[in-house]
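Colleague: Hi, have you got a minute to walk me through this one? I'd like to go over the charged pairs and then the ligand site.

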Amino acid sequence: MAFVWATLILALIVFFIFYELLNIKNKKKLPPGPKGIPILGHLHLLGENLTQDLHKFSLKYGPIIYMKFGLVPTYVISSPQSAEKILKTYDHIFASRPHSETSQYISYGQRNLIFSKHGAYWRNMRKLCTVHLLSNMKINSFQSTRSEEIDIMIKSIKEIAQGQGQSQGQGHVEVDLSAQVSKLTANLSCLMVFGKKFTDEDLDKRGFKYLVQEVTTLAATPNLGDFFPFLGVIDLQGLTRRMKDTSKVLDPFVEKIIDEHVNAKDHKKNKDFVDTMMDIMQSGEVEFQFDRRHVKAVMLDMLVASIGTSSSSIEWMLSELLKNPDIMKKLQKELEEVVGLNRMVEESDLENLKYLNMVFKESFRLHVAAPLLLHEAMEDCMVDDFYVKKGSQVIVNAYTIHRDPNFWTNADKFLPERFLESNVDVRGRDYQLLPFGSGRRSCPGMQLALIIVRLVVAQLVQCFDWELPNEMQPKDLDMTEQFGMVTGRASHLMAVPTYRLQHN
Ligand code: HEM
């Protein structure tokens, strides 16, 4: 047996050496990058946190670097100018996604949007989602749902702040802000997507939030099967097996929800996403195949894309405010001046809250929820002087771009005032700030996210004064990041609230 393995490995090494030698003849100019080794390329240089590894390499080798993840040529794009080339100038070439072995099993064979390859199918689905599910009109139809749910969270924190603390004679009680916010965003997404809040009992004992988290973790973990296609079936890391297990629990859950919608007799005034998609499916008006599998894929897409991104963005913004009490005070002052203390801040106030918008942009700069935008070249292309081969993976490194010293002074500091005299915005027009990406594959849920993140933070800051627990100093607040499809906080954010509004 040992002999067979040794021969196999030797044959592979010889194959790769010949492959590289043959390539030298036709070599076009490649960008700089760290030195790789045969077969693995640069995989052995990657640790637990891909974002930090690529940041380090980009600082060392420059704005466009070349690496190989196994057999997959990979370009890392880390300056606003080069990002503009990828996401605007050559958007038509780089608008596809790399193959993701793990995601096959949660996307009903890539019938969703996030992982779908570019092409007629993706175009049709994207249009369906933007026109029917994420239009301004649809988003506005959930305004009262958002308001009610945020109200529930505020009341529950108020009860903790006033009731429980006093009854236990402790004065002030800390609140798990991470748990509060993640429950809120999960509820908001579920109500919008399928019309009711999730209950863990609907799924297996691991619960709804765990399973959604598992999907994002598995989708983010580099899979050897993506870098060595012949290893896909072997599933050395067990990622595909775990994703299949997760989808076996999620599939009956979404099936049941669809059945409930089909069997519902009452005609709802406010249709959730499943109602809307079932209407589209039954009308037969769409010019592409759209059946139950597509409805299920889009349902999971919307849940996975919205829950973690929104909650981690809110958590980071609150973390920065707790770390910078002067900025928190300034924001409270703005809320007092624009809204007052006699009513709660509403969605219609958001555009008038200039400082909130600056805090929001600065938080999205330093804590981008999706720091690495994964794209794939659909054709050979020259970017600057460098040759990018069709099928290469192209990673737009928003983490490093958001710290580019040519665009951001004191880039590591949280300074909302930097946006005072600047028109730089998060909507994908300015390539030094790309929290939602830009171009064809940019986030179709951006408008909704802009409302939810700002509104939740504004209400929490308006309704409460916040302190860190156990007399912790702001500078000591742990800001460690957890790598994943979404970069969240490694530890839960805990804080002590004191209610400050003058109405009940
Ligand atoms: C703060 C919250 C959010 C952030 C920071 C965010 C960020 C992003 C980013 C960076 C991308 C990839 C862009 C690229 O590859 O170039 C993306 C894609 C996507 N987002 Fe969001 N997003 C958020 C909320 C939402 C919400 C609320 C929804 C829907 C309800 C959503 C749906 C999607 C979908 C479907 C895609 C895939 C689009 C495609 O591949 O064509 N996102 N988002």
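**Salt bridges and the ligand site**

Modeller: Sure. D251 and K296 form a salt bridge, with their closest N and O atoms 2.8 Å apart. Keep in mind that this is a predicted model.

Colleague: Which helices does that pair of D251 and K296 link?

Modeller: D251 belongs to helix α11 and K296 to helix α13. The two residues are 45 residues apart, and the pair links distant parts of the chain.

Colleague: And is K296 buried or exposed?

Modeller: K296 is buried, because its relative accessible area is 6%, and the cut-off for buried is under 20%. D251 has 24% relative accessibility, so D251 counts as partly exposed.

Colleague: Which residues are linked with D251 and K296 in a network of salt bridges?

Modeller: E255, D259 and R292 join D251 and K296 in that network.

Colleague: How many salt bridges does the count come to?

Modeller: The count is 31 salt bridges. One of them joins D425 and R427, whose closest N and O atoms are 2.9 Å apart. D425 is buried at 14% relative accessible area, whereas R427 is partly exposed at 40%.

Colleague: Got another?

Modeller: Yes, the side chains of R429 and D430 meet in a salt bridge, 3.1 Å from N to O. D430 counts as buried at 15% relative accessibility, while R429 is exposed, with a relative accessible area of 51%.

Colleague: Okay, on to the ligand. How many residues surround the ligand, and which are the closest?

Modeller: The ligand is surrounded by 26 residues, and the closest are R97, W122, R126, R441 and C443.

Colleague: What lies 2.8 Å from an oxygen atom of the ligand?

Modeller: That is an N or O atom in the side chain of R97. H375 has a polar side-chain atom 2.9 Å from a ligand oxygen, and R441 also places a polar side-chain atom 2.9 Å from an oxygen atom of the ligand.

Colleague: Which elements give two or more residues to that shell?

Modeller: They are α5 (120–133), α13 (292–323), β4 (372–376) and α17 (446–463). The largest share comes from α13, with 6 residues.

Colleague: How does the shell around the ligand split by class?

Modeller: It has 16 nonpolar, 7 polar and 3 charged residues.

Colleague: Last topic, the surface. Which residues make the nonpolar patch?

Modeller: V233, I234 and L236 make a nonpolar surface patch of about 350 Å². L236 sits in the loop between α10 (224–227) and α11 (239–263), and L236 counts as exposed because its relative accessibility is 58%.

Methods. Residues numbered from 1 in each chain as written. Predicted model: local features only at pLDDT ≥ 70, side-chain atom pairs only at ≥ 80, totals over all residues. Heavy atoms only, no water. Near = heavy atom within 4 Å. Polar contact = N/O pair within 3.5 Å; in protein donor to acceptor, adjacent residues only side chain to side chain. Helix = DSSP H or I, 4+ residues; strand = E, 2+ residues; numbered from the N terminus. Nonpolar A, V, L, I, M, F, W, Y, C, P; charged D, E, K, R; others polar. Patch = residues over 30% accessible without salt bridge, like charges linked within 9 Å, V, L, I, M, F, W, Y side chains within 5 Å. Areas by Shrake-Rupley, 256 points an atom, 1.4 Å probe, with all protein chains shown as cover. Salt bridge = Lys/Arg side-chain N within 4 Å of Asp/Glu carboxyl O. Buried < 20%, exposed > 50% of the residue type's maximum accessible area, 1.4 Å probe, protein only.
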